[in-house]
There are 2 protein chains.
Amino acid sequence: MRSPKPTLTEQELEIMKVVWQLETATVRQVYETMLAHRRIAYTTVMTMMNILEQKGYLKKRQDDRAYVYRPSQPQKLVIRSMVREFVNRVFNGSAEPLLVHLVEGQHLDAKDLEEIRKTIRKDAKS
Amino acid sequence: MRSPKPTLTEQELEIMKVVWQLETATVRQVYETMLAHRRIAYTTVMTMMNILEQKGYLKKRQDDRAYVYRPSQPQKLVIRSMVREFVNRVFNGSAEPLLVHLVEGQHLDAKDLEEIRKTIRKDAKS
DNA sequence: GATCGCATACTAATAAATTAGTACGAAAGG
DNA sequence: CCTTTCGTACTAATTTATTAGTATGCGATC
């Protein structure tokens, strides 16, 4: 199972974000957290967490009465591969045009740019 | 019709890329182009181009026997809003972390970074 | 020990995305 | 004119995504 993991759908990502946030979570905890943002059924959350486990994004472990889930990969890694996929899909794999869009599209303000400059400098030395 | 256009699905984006490339295209032209990359039926392409027209991404005009389609918006604009959406979905709207991912994730090589530095400098002055 | 609360397993309804088939008309070629 | 070609319109099968219901079990409480 050297999983080239199936990709996360929109809703699945929402769940993953919550679990990453909580680090470890039961269905109920995720459910409660999501309820704060939108109407959703407990069983919906459960179904999706099961799917996420099948897809290899979550691991579950029995604990007392309920399962406790935890991410099987750090958020950074997963998001990184989502970025890679997006770049492939939209920009045919080349990241530079994405940058141009970000800079030109007012997605980034002056503070961001300063941050980036620093990051680049640091990175460029290594 | 102040269209907050429905978003493009994966396959629809493939079609749009071809049409942007050709600037103006019939179903057959798009079909031929796509055939070079993968097996697909003529009618599939037609169906999708109809959907794209309904969604407001393509305009058609009768010309001789077949319709001629053209993009109703420039590629840059559409892609920009896809980027915005992605940033919203994955990074809760803040673009800076995306940058960090790009830089750290070996998506960008040294030449890219130089390019970006220039872009940023230019942009920062305005 | 019957009932309530909470958990899971299993099932399923609905919607959206993807792919394509069939019918049919116009025109082009013989 | 009849057949082939190419085009559209309309229909639809299949898959994937999204959302949730129902059945059922277990432990705590009255």
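Here a biologist asks a modeller how the terms used for this predicted model are earned.

Biologist: What are the ground rules for this model?

Modeller: It's predicted, so local features need pLDDT of at least 70 and side-chain atom pairs count only at pLDDT 80 or more, while totals for chains, interfaces and linings use all residues. Residues are numbered from 1 along each chain as its sequence is written, chains are lettered from A and ligands numbered from 1 in the order in which they are written, and side-chain values use heavy atoms, with hydrogens and water left out.

Biologist: Why is A:V19 called buried?

Modeller: Buried means under 20% relative accessible area (exposed is over 50%, partly exposed in between, with a 1.4 Å probe and protein chains only). A:V19 has a relative accessible area of 0%, so it's buried. A:V19 is found in helix α1 of chain A.

Biologist: Which residues does A:V19 touch beyond four places away in sequence?

Modeller: Contact means heavy atoms within 4.5 Å. On that basis A:V19 touches A:T24, A:V30, A:M49, A:L58, A:Y69, A:R70 and A:P71. With A:V30, eleven residues along the chain, the C-alpha atoms are separated by 7.0 Å.

Biologist: How many helices and strands does chain A have, and what makes a run count as one?

Modeller: They're DSSP runs, numbered from the N terminus: H or I over at least four residues for a helix, E over at least two for a strand. Chain A has six helices and two strands, in the order α-α-α-β-β-α-α-α from the N terminus on. Buried residues make up 42% of its 126 residues. The accessible surface of chain A is about 7600 Å², with 49% belonging to carbon and sulfur atoms; areas come from the Shrake-Rupley method with a 1.4 Å probe, and for residues only the protein chains shown count as cover.

Biologist: How do you know that helix α1 of chain B has the span it should?

Modeller: The expected span is 1.5 Å times one less than the number of residues. For the 13 residues of α1(B), residues 10–22, that gives 18 Å, and the end C-alpha atoms are 19 Å apart, so the two agree. After α1(B) comes B:E23, with a positive phi near 75°.

Biologist: Which residues of α1(B) are buried, and what covers them?

Modeller: The buried set is B:E12, B:L13, B:I15, B:M16, B:K17, B:V18, B:V19 and B:W20. Their cover includes α4 (75–91) of chain A, along with α2 (27–35), α3, β1, β2 and α4 (75–91) of chain B.

Biologist: What makes the link from B:K55 to B:T7 a polar contact?

Modeller: A polar contact is a pair of N or O atoms within 3.5 Å; within protein, one must be able to donate a hydrogen and the other to accept it, and residues adjacent in sequence count only if both atoms are side-chain atoms. The B:K55 side chain reaches the backbone oxygen of B:T7 at 3.2 Å. B:K55 sits in the loop between α3 and β1 (58–63) of chain B, and B:E12 is among the residues in contact with it.

Biologist: How many residues surround DNA strand D, and which are closest?

Modeller: A residue is near a strand if one of its heavy atoms lies within 4 Å of it. For DNA strand D there are 19, the closest being A:T9, A:R39, A:T47, B:R28 and B:R65. A polar side-chain atom of A:T9 lies 2.4 Å from a phosphate oxygen of the strand, and B:Y67 offers a backbone N or O atom at 3.3 Å from a phosphate oxygen of DNA strand D. The largest share of this surface, four residues, comes from α3(A).

Biologist: How does the surface near DNA strand D divide by class?

Modeller: Ala, Val, Leu, Ile, Met, Phe, Trp, Tyr, Cys and Pro count as nonpolar, Asp, Glu, Lys and Arg as charged, and the others, Gly among them, as polar. That sorts these residues into seven nonpolar, five polar and seven charged.

Biologist: And what about DNA strand C, which residues are closest there?

Modeller: 20 residues surround DNA strand C, with A:R28, A:R65, B:T9, B:R39 and B:T47 closest. A side-chain N or O atom of B:T9 is 2.5 Å from a phosphate oxygen of DNA strand C. A polar side-chain atom of B:T43 lies 3.2 Å from a base nitrogen of the strand, and for B:R65 a base nitrogen is 3.5 Å away. Here α3(B) gives the most to the surface, with four residues.
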